[in-house]
Amino acid sequence: MITGEQIRMSRAGLRLSVRALAKIAGVSAMTITRLENERSGGYAETLRKIQKALEAEGIEFLDGDAPGIRLRRAPKRKPRR
């Protein structure tokens with residue numbers, strides 16, 4: 001499963017706001033904020049929705065010794081706020 005830190009790094013790499021990611025993933029902005037601040041571990045289904053949304057936007061999740069992310073392609077749009 002993805003971590004709050006990976007979500008935050010993904011948003012930064014894609015220049016997405018919390019609200020923009022929430023809309024793309026079909027979850028609330030508060031859910032994104034809670035996950036990023038590690039105030040919630042999140043439901044597996046919610047984490048899958050967020051992961052799929054970020055992967056569709058060009059993020060590749062790395063699960064080695066230190067979980068991280070990598071951009072597969074640069075964002076093609078202006079930053080969402």
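**Notebook: a look around α3 and its neighbours**

I started just past the end of α3, where Glu-38 takes a positive phi of about 55°. A reminder to myself: this is a predicted model.

**Entry on α3.** Next I went back into the helix itself, residues 29-36, and asked which of its residues are buried. I found Ile-32, Leu-35 and Glu-36. Looking down the axis of α3, I saw these buried residues fall within an arc of 95°, so they line one face of the helix. The general rule helps me here: an α-helix has 3.6 residues a turn, so residues three or four places apart point the same way. What covers the buried residues of α3? My list includes α1 (4-14), α2 (18-25) and α4 (44-56).

**Entry on α2 and α4.** For a pair of packed helices I want the angle between the axes and the distance between them. Here α2 and α4 pack at about 105°, and their axes are 8 Å apart. Since 65 to 115 degrees counts as roughly perpendicular, that is how I describe α2 relative to α4. I then noted who makes the contact: from α2, Leu-21, Ile-24 and Ala-25; from α4, Lys-49, Ile-50, Ala-53 and Leu-54. Sorted by class, the contact has 6 nonpolar residues, no polar ones and 1 charged.

**Entry on Arg-11.** I moved to α1, where Arg-11 lies. Is Arg-11 buried or exposed? Its relative accessible area is 14%, and buried means under 20%, so I put Arg-11 down as buried. Leaving aside neighbours within four places in sequence, I listed its contacts as Leu-16, Ser-17, Val-18, Leu-21, Ile-32 and Glu-36. Two of those names, Ile-32 and Glu-36, were already in my notes as buried residues of α3. I also checked the spacing to Leu-21: Arg-11 is 10 residues away in sequence and 7.4 Å away in space, C-alpha to C-alpha.

**Entry on Ser-10.** Ser-10 is in α1 too, and I have it as buried, with a relative accessible area of 0%. Which residues does Ser-10 contact, leaving aside neighbours within four places in sequence? They are Leu-54, Ile-59, Phe-61 and Ile-69. Leu-54 I knew from the α4 side of the contact with α2.

**Entry on the strands.** The other names led me to β1 (residues 59-62) and β2 (residues 68-71), which pair in the antiparallel sense over 4 bridges. A hairpin of 5 residues joins β1 to β2. Phe-61 stands opposite Ile-69 of β2, and Ser-10 is in contact with both of these residues.

How values were computed
Residues are numbered from 1 along each chain as its sequence is written. This is a predicted model: local features need pLDDT of at least 70, side-chain atom pairs count only at pLDDT 80 or more; totals for chains, interfaces and linings use all residues. Side-chain values use heavy atoms; hydrogens and water are left out. Buried means under 20% relative accessible area, exposed over 50%, partly exposed in between (1.4 Å probe, protein chains only). Helices (H or I, at least four residues) and strands (E, at least two) are DSSP runs, numbered from the N terminus. The arc is that of the directions from the helix axis to the C-beta atoms. Contact means heavy atoms within 4.5 Å. Axes are lines fitted to C-alpha atoms, for helices over the stretch in contact, and angles run from 0 to 180 degrees between N-to-C directions. Angles under 35 degrees count as roughly parallel, over 145 as roughly antiparallel, 65 to 115 as roughly perpendicular and the rest as oblique. Ala, Val, Leu, Ile, Met, Phe, Trp, Tyr, Cys and Pro count as nonpolar, Asp, Glu, Lys and Arg as charged, and the others, Gly among them, as polar. Two strands pair if DSSP finds at least two bridges between them.
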